[in-house]
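Student: Hi! I'm new to this one. Could you walk me through a few parts of it?
Tutor: Happy to. Here it is.

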Amino acid sequence: MPEMQSAIGAQLEPPLSGWLRIEPLLGLVLGASGGLLESAILKTSLFSGGLLGLAFGLAFGLFFARRASSPGAGLIWGLGSSFLLWILTAGGFFHFVATIGRSAMRLQDAQGHFSELVAHVVCLGMPVGVGLGVRGGFRASNEKKKFSWARAIVAGGFAGTLGGLIFGRWVSSGDYFPLLVGFGELGSRSMTISLHFAVALLIGVAFGLLFQRDVRGYGSCMGWGLGFGIFWWFFGPLTLLRLASGMPLDWSAEQGSAVFGSLVGHILYGLILGVAYATIDKIWIRLFIQSDPLNREIEGPGLHILRSLGWGAIAGFIGGLVSMPVMIATGVLPKVAGVDSNLVGFHGVFIHLAVSAAIGMTYGLLFRDETSVPGDAITWGSLFGLIWWYLGPMTLLPLLLTGVCDWTTDAASALLPSLLGHLIYGAATALVFFLFDRRYTRSLLLDPRTSARELRRLRPTGTPAPALWLFGSAWESFSLFCLASRRVLLLTPRHVVLRNPPQSIDLNDKFGGAGGIRTHEWRFCRPLPWATWVPRRIS
């Protein structure tokens, strides 16, 4: 036990030597440069922009630099910090206080400052976070395992290409490529597909270079994929692709609303990328790093999986019970996660609890060994609930029941009450699972044969999961608040069909035919086996 305590203490002891001299200075330089760039793009005062960037960089260097232990962790903390900066200054808190009781003015203010949110993310959060994360990576390389360029590029490239293949085969039949939104039309379909895979490869390699040290399991990798997908929506369709195609930057709320469908596409692609990278990275480690037979696990993988499934099912069932009052109060449960159905009463409760237990099993498989304290478990669980909100009521469930899923801001706004229930479900499920896992882990720590293995599995404290939760969950709510009321334009493959759509959309309506995905641009997608692609004009 003394050896274990000393190992944990060494793991948690912060490296203080030289930290107070370098990180704040680096944050000052990067923040001031980003602030000047932001002012030049938004055509505001260079002095105020530089001062804001300088203050942001200094604060990040003082308070968050020790958390930025890798480029990926620095990026996540930078994104969360930049979003918090926007809430506290231009776009959120003070305007909210000043316009209490005037909802229309609050909405107009938030939409008017949407360009500043994009600028904060691209010009401040990204360079400051990644810069200090690179510095933290060099510091950690002297204490932990070395960074492998070959592993990051090869695993990231394969994961990005595989994710592009899976995602591309789903959406390409309708000639809609979310990763290319903002680039404009290309001359031929072959050029479009080639560019799609090139962008997917670029995203995968960047993901591998940024998050190699942060990948410990499928769950955390899905979380990093979620955050990276949201970031790439800011950096890709709203910024990089427009510049590459020769178009001027447009960071307005109107443009953000127009490409909102691609945001959901980027999030789903990020989840696929995270799972693919975690799988390929595990194979790489098994083949080239952990091939020593002396380091084999005592517990077989089959028993490990069965135990995770059992704990996850019980935790998911309890999470379903905890979230059920919210689902009933918001009217989500009688509609089975937002889709109209006759499954009410006992049948609805039974299906809700059964689905909750099944989803809890996926949490047990993906997120075991990701948390070491209850707070981290609740944070990861909330992210898990957010992930299933995108996968479930917004995508998979409508596809299973109707053959159509809706990625418009209006559909997301209609499903927003269920987001609260998903977050509560995820947090409760993760907390119960953590209690099961901690009790079992404590019994293993008493055995010297297994204590060293369990200590290696413990995730160090200081994970960027709180910043990811802030950036992911809060951004979802604010994006719907800022973008959902914008006027949208829905197109069938041939006709303009609707302007100013209703606030809630019934998926059973004849909206351009079944078997597709509805976005503001309406250019989707392969029919499912039980659906047919029948474009219809809406009168």
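Student: How many of the 29 residues of H15 are buried?
Tutor: H15 is mostly covered, with 21 of its 29 residues buried. Buried means under 20% relative accessible area, exposed over 50%, and partly exposed in between, using a 1.4 Å probe and protein chains only. Helices are DSSP runs of H or I with at least four residues, numbered from the N terminus. This is a predicted model, where local features need pLDDT of at least 70 and side-chain atom pairs count only at pLDDT 80 or more, while totals for chains, interfaces and linings use all residues. Residues are numbered from 1 along each chain as its sequence is written, and side-chain values use heavy atoms, leaving out hydrogens and water.

Student: Okay! Where does H15 bend?
Tutor: At Gly-392, by about 40 degrees, and Pro-393 is a proline that follows within four residues. That bend is the angle between axes fitted to the seven residues ending there and the seven starting there.

Student: And what follows H15?
Tutor: Gly-403, whose phi is positive, near 80 degrees.

Student: Switching a bit: at what angle do the axes of H10 and H15 cross?
Tutor: Roughly 65 degrees, and the axes come within 10 Å; H10 covers residues 218-244. Axes here are lines fitted to C-alpha atoms, for helices over the stretch in contact, and angles run from 0 to 180 degrees between N-to-C directions.

Student: Which residues meet there?
Tutor: From H10, they include Gly-219, Met-222 and Trp-224, and from H15 they include Trp-380, Leu-383 and Tyr-390. Contact means heavy atoms within 4.5 Å. The residues of this contact divide into 8 nonpolar, 3 polar and no charged. Ala, Val, Leu, Ile, Met, Phe, Trp, Tyr, Cys and Pro count as nonpolar, Asp, Glu, Lys and Arg as charged, and the others, Gly among them, as polar.

Student: What about Leu-243, which lies in helix H10: how much accessible area does Leu-243 have?
Tutor: Its relative accessible area is 49%, so Leu-243 is partly exposed. The C-alpha atoms of Leu-243 and Gly-182 are separated by 9.2 Å, though the two are 61 residues apart along the chain.

Student: New topic. Where is Thr-371 found?
Tutor: In the loop between helix H14 (345-367) and helix H15 (374-402). Thr-371 counts as buried because its relative accessibility is 12%. Leaving aside neighbours within four places in sequence, Thr-371 is in contact with Asp-376, Ala-377, Trp-380 and Phe-434.

Student: Last one: how many residues of H4 are buried?
Tutor: 16 of the 18, so H4 is largely enclosed by the rest of the structure.

Note on methods. Helix = DSSP H or I, 4+ residues; strand = E, 2+ residues; numbered from the N terminus.
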